[in-house]
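Let's take a walk through this structure together, moving from the inside outwards. Please have the sequence and the 3D view open as you read.

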Amino acid sequence: MLARMGTVGILEHVPRRLAEVVARRLREEPVVALHGPRTVGKSTLLDEVALTHGQDRVDLDDPATRQAVAGDPGLFAGGPSPVCIDEYQHVPSVLDAIKAELNRDLRPGRFVLTGSTTYASLPLTAQSLTGRLHRLTVWPLSQGELGGVRETFVEALLDDPASLVSLAASGTTREDYTERIAAGGFPLALRRSGEVARSRWFDDFVALVVERDVMELTRVRQRQALPRLLGELAGQTAGLLSVASAARRVGIEPSTAENYTKLLEAAYLIYRLPAWGRTLGSRVGATPKVHVVDSGLAARLLRLTPSRLGRRVPAALTELGHLLETFVVNEILKQLSWLDTTATAAHFRTRDGVEVDLVLERHDGAILGIEVKTSPRVSNTDLAGLRALKHGFGDDFLGGVILNLGQHSYTAEPGIYVLPVDRLWSA
């Protein structure tokens, strides 16, 4: 039986799977940039790289260091490799200095950068390393990282989904799942010993990101609308994105809401999961879904506690369904970020409502579908979306899985498999 999330209190250092990827990329790329939400562990990863190579970390979150680098970026960019610069977005001009260095020496492993806003959100004049900078996303901690388990779910899924079916029964209860969902994966939130302390941390986190990272990107006239808009978008998590609907509820213009939504994406609070590009004709919708970057953050924004999520009433079941889908999609995207195999992620939905929560398309065109269900039992209608992919794409359909809160895994029909959600991180 897996350890209960309630046992997670004070976290010691948790080894990150992405550390292996960074080491590999440094042997191939001149610049590796680690992007992700604030306080997700980017600086810790950068410290590990710096320590391994006997270097210091240049911390641009520190005002004095920021001022020194802004005054002479070339001096800091010209140090021994790898130069490790934390939160580089505070001094975008350092990218020009790095470019000048690379014009002289384009060897792999020259720079490692971290940033809490997306590279694309910087002014075009600051995006001077386009084509020379390899980006990696640092997500909140995965369930396997928290439990000390080396996850292989996505790797197996992309290779042979039938291999995921096992005789071993899951011991994870519905209560365990709601605790994991509400806890999320932010290291500093997980260090809080109680629900109230964790909620307070999430509130402070949102305020910090809005007041520092978002405001640093651009001047926002209606700053007070940003947290409210974030709350409305959290209410859409795992659903089709409707910026216009969120704008009406917040009381701002749709164009302003769209700009603010992009800022919240740039600060890694939410992301858009695109509609799948390969279609079955005009019947397929093109609207992206929206997901909050962490299920614990989403739960706090929606004021959903484990006890409320565990209630067997229609409203709670709907809320749990949305958060469970966000939880699962996030865990899969975390595992994708560690793999050398190239695969794109999207969702699939026809105009008449047939949908698949997540579609992965391998580099060779093979596709896999993932559905998420809160019920412990799978009905015939639950197979509709995966069957649409299976029948519509023939040999390109590698397989589909339904992840649910049941205890057993089995083959529902050829090419479609039912698995407990904890199969994502169980050995």
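Below we visit the cores, then one helix, then one arginine.

Keep in mind that this is a predicted model. A good place to begin is the largest nonpolar core, which has 91 residues. Those with the most contacts inside this core are F153, L297, V328, L360 and V421. Helix α16, spanning residues 314-338, supplies the largest share of the core with 10 residues. Apart from this core lies another one of 21 residues, including V58, A77, V94 and L129.

If you centre your view on L360, you can look at its surroundings beyond the neighbours within four places in sequence. Among its contacts there are L157, L158, I332, L336 and T344, as well as A366, I367, L368 and I370.

Next, turn to helix α5, residues 94-104. Which of its residues are buried? They are V94, L95, A97, I98, E101 and L102. These residues lie on the same side of α5, because they cover an arc of only 155° around the axis. An α-helix has 3.6 residues a turn, so residues three or four places apart point the same way. The buried residues of α5 pack against the strands β1, β3 and β4 and against the helices α3 and α4. On the face turned away from that buried side you will find the exposed residues N103 and R104.

Our last stop is R24, in helix α1 (residues 18-26). R24 is partly exposed, at a relative accessible area of 23%. Leaving aside neighbours within four places in sequence, R24 is in contact with W338 and D340, and its side chain reaches the backbone oxygen of W338 at 3.5 Å. The C-alpha atoms of R24 and G109 are separated by 9.6 Å, although these residues are 85 apart along the chain.

Notes:
Residues are numbered from 1 along each chain as its sequence is written. This is a predicted model: local features need pLDDT of at least 70, side-chain atom pairs count only at pLDDT 80 or more; totals for chains, interfaces and linings use all residues. Side-chain values use heavy atoms; hydrogens and water are left out. A nonpolar core is a set of buried Ala, Val, Leu, Ile, Met, Phe, Trp, Tyr and Cys residues joined through side-chain atoms within 4.5 Å. Buried means under 20% relative accessible area, exposed over 50%, partly exposed in between (1.4 Å probe, protein chains only). Helices (H or I, at least four residues) and strands (E, at least two) are DSSP runs, numbered from the N terminus. Contact means heavy atoms within 4.5 Å. The arc is that of the directions from the helix axis to the C-beta atoms. A polar contact is a pair of N or O atoms within 3.5 Å; within protein, one must be able to donate a hydrogen and the other to accept it, and residues adjacent in sequence count only if both atoms are side-chain atoms.
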